[in-house]
Structures are given as structure tokens and as C-alpha cells.
Amino acid sequence: MSVAAPLPVLWLYGPPAVGKTTVAWKLFTELSRRIPTGYVDLDQLGMCFAAPTVHESAPEPASDPGRHRRQTRNLDLVAANVRAAGARCLVVSGVVDAVRGIEVDLLPNAALTTCRLRAEPYELRQRLAGRGRAGDEAADQVLEYAEALDRNHPAGPCVDTTGRSVAEVLELVLSETSGWPAPAGPRTTPSVAPDGTSGRYPSYPAGTGEMLWLCGATAVGKSAVGWEIFTTVSNAGVWCGFVDLDQIGFFCPAGTRAPIDHRLRASNLATVWQTYRATGLERLIVVGPVESAEAVRTYREALPSVRITLCRLHAGRDSLTERVMLRGRGQGPLIAGDELKGQPATRLRDVADEATAVAEALESAALGDLRVDADGRPVPDIARGVVRQLGWLDGPGRFPLAPTGRAR
């Protein structure tokens, strides 16, 4: 039996605000024009915290402070999935343990190359100020972490981003890593399903549990509402995790803009759920688009023992247009792959028209176990509406499901 070759992985690491995500995304977009490439922000593989205490807002396991081991295990499994989809390399951005660094033994599916990004303290503080974190305790912790990286990881490829543009930093990264990936990784032939989509991914013992999945058209508020629900129920003492399907599904065949690969996303979701479930977690909030009951079945098949409630957020043209325009002006979460930020008004209006058509199609299909009206409502109000419909906080902490637990 042949064993697949490890996938070439480039991991850019460093302190928050040093430019990891921005540089990694630029590398991903440039590489994907030539070779099949994947991308993942490591933060997206570890959004699982215990319920807050009087001392900590997001407690982490004593056996895995920083959740670095959990994220690294998830990364290894995601690398296997992306390789099965046909990728020839994977770009990663994220923090590492300031003392131990990366535990390479947890990455058997990756041929790992690393590059540290750093910046002078005054530059980091200035960038943090741009994020509204100039003088708070969190900013001081970032600077302490950056100092620890400088102290504990002086060797290996490193690029100083101080005063440099993204293009300049990327050029230096490629120089430091010998033009990674060179050569362009092992040529991988993806499995193909009967419907022509890329297909056979490793299966994982996902385990039982419950998921709330928020879906809907572009800019309807999936991520914002999902995160509000996550923080609300966490603050109420319910232990849960959070996954954004868009953020765990970045894969682009060379030079093409492929449709959403639901098989890849479902496999990556099962991967994340497997490691979360192993810690004892039983509940997960998922956000991401889905266009049909057939696509939903792909996720149910990847997670056969998990009870999934699909909640569709709906909004009309006026609300969707307003939210698309706000996203275009940068009023949204700082996430990789935001295709609306900075776009001209003409393009944003086209996106709003497309989102309206999608919303109407989903409405006609009555997709989902629950439907929540998001028209003209603030995020906290929408989140409360979802929680009320589910009755999540009415009982002893269980998440009641819709009667069938199945999407129409």
C-alpha cells in the first residue's frame, strides 16, 4: 500500500499585528495562479474555550496552554485533506509556543518550512493602535510575546516587517525560504466523485455531539451572529466551539476560481470536531454558506453521529445592500479572504444583487430547520432570536433541536 508524500507547508509565524495573515494571503493568491494551493489561518483551528471564570475570559487546558498542540494536530489533518483535494502546497499563518516553537512530530502529513516575521516594538504598538489596542494589557502581552520569540528563536528564516510593504516582506520571505515551494511539491491527483467534484478524503471518528449551523446569503450576518451566539452562551457557562467554514475551506486549483468544495469543507469540519470532541466538548457553532439540501447532506455524511440544526438567516435587498456596503468600507471582522473590503461601489452593488438572488432562492427552497429574520436588526437582537428559538439557555445546558434535526 502506497503512502502519500507529505504536503509542502510554509508556516509564517510571529506576534499578532506583525502581518502574518496579510503576507500569507498574498502568497496564497499568487501561488494559486500557478499551482493548486491551500491556505489556513491557524486561529481558525482552535476556537474552542472552556466557559469563562472570574479569573479568565477564555480558559485554556492546563495540558495545552495556548492550544498550540490542538491547533497543530488539526493542521496536520487539514494538510491531509487539502492534499487529497489535489493541492501541491499549503500556506499557513499563526502563532506558535514562544518557548517550544512548533512540535514537528505532530505534523507527519506536512513537509514543513517555517519563517518568522518580526517587527520593532514601536511598530507593533502602532499597528495594534490601528486595531484599537494601543495601550491596553493585551498590547503589553503581545510585546512580551514578541520579545520572547526574539529571545528563544534567534535562528532560522526570519524577516523584519518594520517599515516594509506587504510585497517587500513577501519577496524577503521567498528569499529566506529558497523560493518555497521549490520544486512545486509532489504532483497529486485528487480522487473524483461521481458528480465530478474532488472527492475521497480521509475519514475521522468524529463522535457524537450537537452543532448549530448558521447559513444564508453573503453579508446576511452569519459570522457576526454566530460569534455573538458563541460569546453569549459561553458567558452563560456553556462550553462550545466556533468554526467558520469559509476560513477552513481555502483551496484553489491552479488559475481557476472553483466553486465551494463542500467535501473538503465537510472533511475539515470533521477534523476540527474530532480534536474538539476529544477534549470533552459536545457543542459547536458553525457559520458558512450552503446552497442546497444535497450539499447539507455532504456534511451530515461526514459527521453521521452529530445532531445538526441548520439555521438560515434571511434578509431582503435593502438590508443586504447596506451590509455589503459596510463590508466594502472595512466595517467587519479582520479575516483572511474578505473579497468585499476596498471594492468599488459598482462591484459592491453587483455583490448585493447576487446576495439578494441567493437569499430569494434559499427562501423559495425553505432550506433549513430554522429561519430567522435578520432584516434591519442589530446583531445582538438576531443572536437573541436564534437562542430563543433553540431554547439553549432554558434548560440544563443541552441544545434542543428542531423536530426532525434535518435540513429541508
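Which residue of β10 is the bridge partner of F242? The answer is I285, and this report looks at the strand around that residue before turning to a group of aromatic rings. Please keep in mind that the model is predicted.

## Strand β10 and its neighbours

Let's start with the pairing. Strand β8, residues 240-244, runs parallel to β10, and four bridges join the two. The F242 to I285 contact mentioned above is a bridge between a residue and its partner in β10.

Strand β7, residues 209-215, also pairs with β10 in the parallel sense, here over five bridges. If you would like a residue to look for in the viewer, try W213, whose bridge partner in β10 is V286.

## How enclosed is β10?

Strand β10 covers residues 283-287, and five of its five residues are buried, so the strand is largely enclosed by the rest of the structure. The cover is found on both faces. On one side sit R283, I285 and V287, and on the other L284 and V286, all of them buried. I285, the partner of F242, and V286, the partner of W213, therefore belong to a strand that is largely enclosed by the rest of the structure.

## An aromatic cluster

Now for the rings. The structure holds ten aromatic pairs. In one of them, the ring centres of W25 and F250 are 4.8 Å apart; the planes meet at 70 degrees, and because an angle over 60 degrees counts as edge-to-face, this pair is edge-to-face. W25 belongs to helix α1 (residues 20-31) and F250 to strand β9 (residues 250-252), so the pair ties together parts that are 225 residues apart in sequence. Are these two residues buried or partly exposed? W25 has 22% relative accessibility and counts as partly exposed, whereas F250, at 14%, counts as buried.

F28 and Y39 make another aromatic pair, with 6.0 Å from centre to centre and 35 degrees between the planes, which is a tilted arrangement. F28 lies in helix α1 and Y39 in strand β2 (residues 37-41), so this pair ties together parts that are eleven residues apart in sequence. Both partners are buried: F28 has a relative accessible area of 6%, and Y39 has one of 2%.

Which residues form one aromatic cluster? W25, F28, Y39 and F250 do. Helix α1 contributes W25 and F28 to this group, while Y39 comes from strand β2 and F250 from strand β9.

Methods
Residues numbered from 1 in each chain as written. Predicted model: local features only at pLDDT ≥ 70, side-chain atom pairs only at ≥ 80, totals over all residues. Heavy atoms only, no water. Phe/Tyr/Trp six-rings, centres within 6.5 Å; stacked < 30°, edge-to-face > 60°. Buried < 20%, exposed > 50% of the residue type's maximum accessible area, 1.4 Å probe, protein only. Pairing = 2+ DSSP bridges.
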